[in-house]
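Me: Could you take a close look at the salt bridges in this one? I'd like to know who pairs with whom, and how buried or exposed the partners are.

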Amino acid sequence: MKSGYGERADHRARAPRDDKAPAAARRPANDSAPRAGKPRSTAPAGQHSHADTAPRTPRRDIEDAPGTLRLSKLMSELGLCSRREADEWIEKGWVLVDGERIDTLGTKVRPDQRIEIDPAAEAVQASQVTVLIHKTVGYVSGQAEDGYQPAITLVTPENRWEGDRSDIRFSVAHLRQLAPAGRLDIDSTGLLVLTQDGRIAKQLIGGHSEIDKEYLVRVAYGEHTVDVESHFPPESLALLRHGLSLDDVPLKPAQVSWQNGEQLRFVLREGKKRQIRRMCELVGLEVIGLKRVRMGRVMLGALPPGQWRYLGPDESF
């Protein structure tokens, strides 16, 4: 009988031939060149630049002042972009601080200084895409390993879901720097997010991420493969919800409940390597199948196994 989890094939899978981010991360991609214009500012509307209202503090004095931090770090904390993107923008002269264009990596600033982003950077950021894949068993989330293909090889025009409602036209440029934001192991299936947008990656897998992820997990308990719920101790279910540790680090509380006699529903706010499988092992459960069905507000929905679609402009995690 076929199931929604998938089963490991005897042969290795072959690739087919051929997630409260700013709105810019969710606009349709385009191939237009960066445009010139007035830089975007982090200051509230109506607030004037320090450069217009006060003498500029010498750059060296700021660099040596206490309480300063790297410009790229501040830009990331403000949600403007990822640190990697910030460094790229700085090198290209696309960042202004108090009206002064900065092009030196490692520049330090005060948290209260005004940061402006050149429209050229905004244009690049607006062209970034996020892809949702229904990963199947036998594909790895990131780089190819042990002969298994990475899930990005599924992202081809032929594999695009016909139900994709976005107006984004596929481009090979969308495959560049497309990285997983929340991995699924080779034996797991379901929603896998690949993104070019560092803000979305930080939102989904950053150290302070509050985005929850939902999984359906089919389990066995010892010799019991059906009606597992009636044989599994309630105190062990309570441990799955809170009280377990992995690598000597206590896990955050989780929502764990029975969907039916053989299937558990997990909702997690963290993502340690093989976390659910290891949690189940600690209470004597064997994972038979694991499927991620939601990340934040984005559902796997009707996306068919092995196919993909773009994150739409009206969607956010």
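Reply: Let's fix the term first: a salt bridge here is a side-chain nitrogen of Lys or Arg within 4 Å of a carboxyl oxygen of Asp or Glu. Side chains of opposite charge can pair when their charged atoms come close.

Asp 247 and Arg 278 make one such pair, with their closest N and O atoms 2.9 Å apart. This bridge ties together distant parts of the chain, 31 residues apart: Asp 247 sits in the loop between strand 11 (245-246) and strand 12 (249-250), while Arg 278 belongs to helix 8 (residues 275-282). Helices (H or I, at least four residues) and strands (E, at least two) are DSSP runs, numbered from the N terminus. Asp 247 counts as exposed at 58% relative accessibility, and Arg 278 as partly exposed at 24%. For those labels, buried means under 20% relative accessible area, exposed over 50%, and partly exposed in between (1.4 Å probe, protein chains only).

A word on the ground rules. This is a predicted model, so local features need pLDDT of at least 70 and side-chain atom pairs count only at pLDDT 80 or more, whereas totals for chains, interfaces and linings use all residues. Residues are numbered from 1 along each chain as its sequence is written, and side-chain values use heavy atoms, with hydrogens and water left out.

Now for a local pair: Glu 77 bridges to Lys 73, and the closest N and O atoms are 2.3 Å apart. The two are four residues apart in helix 3 (residues 71-77), so about one helical turn separates them. Glu 77 is partly exposed, at 46% relative accessible area, and Lys 73 is partly exposed too, at 32%.

Arg 199 and Asp 197 are another story. Their closest N and O atoms lie 2.7 Å apart in a salt bridge, and both ends are buried: Arg 199 has a relative accessible area of 7%, and Asp 197 comes in at 1%.

There's also a network of salt bridges, which links Asp 212, Glu 214, Arg 265 and Arg 294. By the cut-off above, the count comes to 15 salt bridges.

As for confidence, pLDDT (the predictor's confidence in each residue, from 0 to 100) averages 84 over the protein chain, with 80% of residues reaching 70 or more. It stays under 50 over residues 7-36, where the model has 73 contacts (heavy atoms within 4.5 Å) beyond four places in sequence. Residues 44-55 also stay under 50 in pLDDT, with twelve such contacts.
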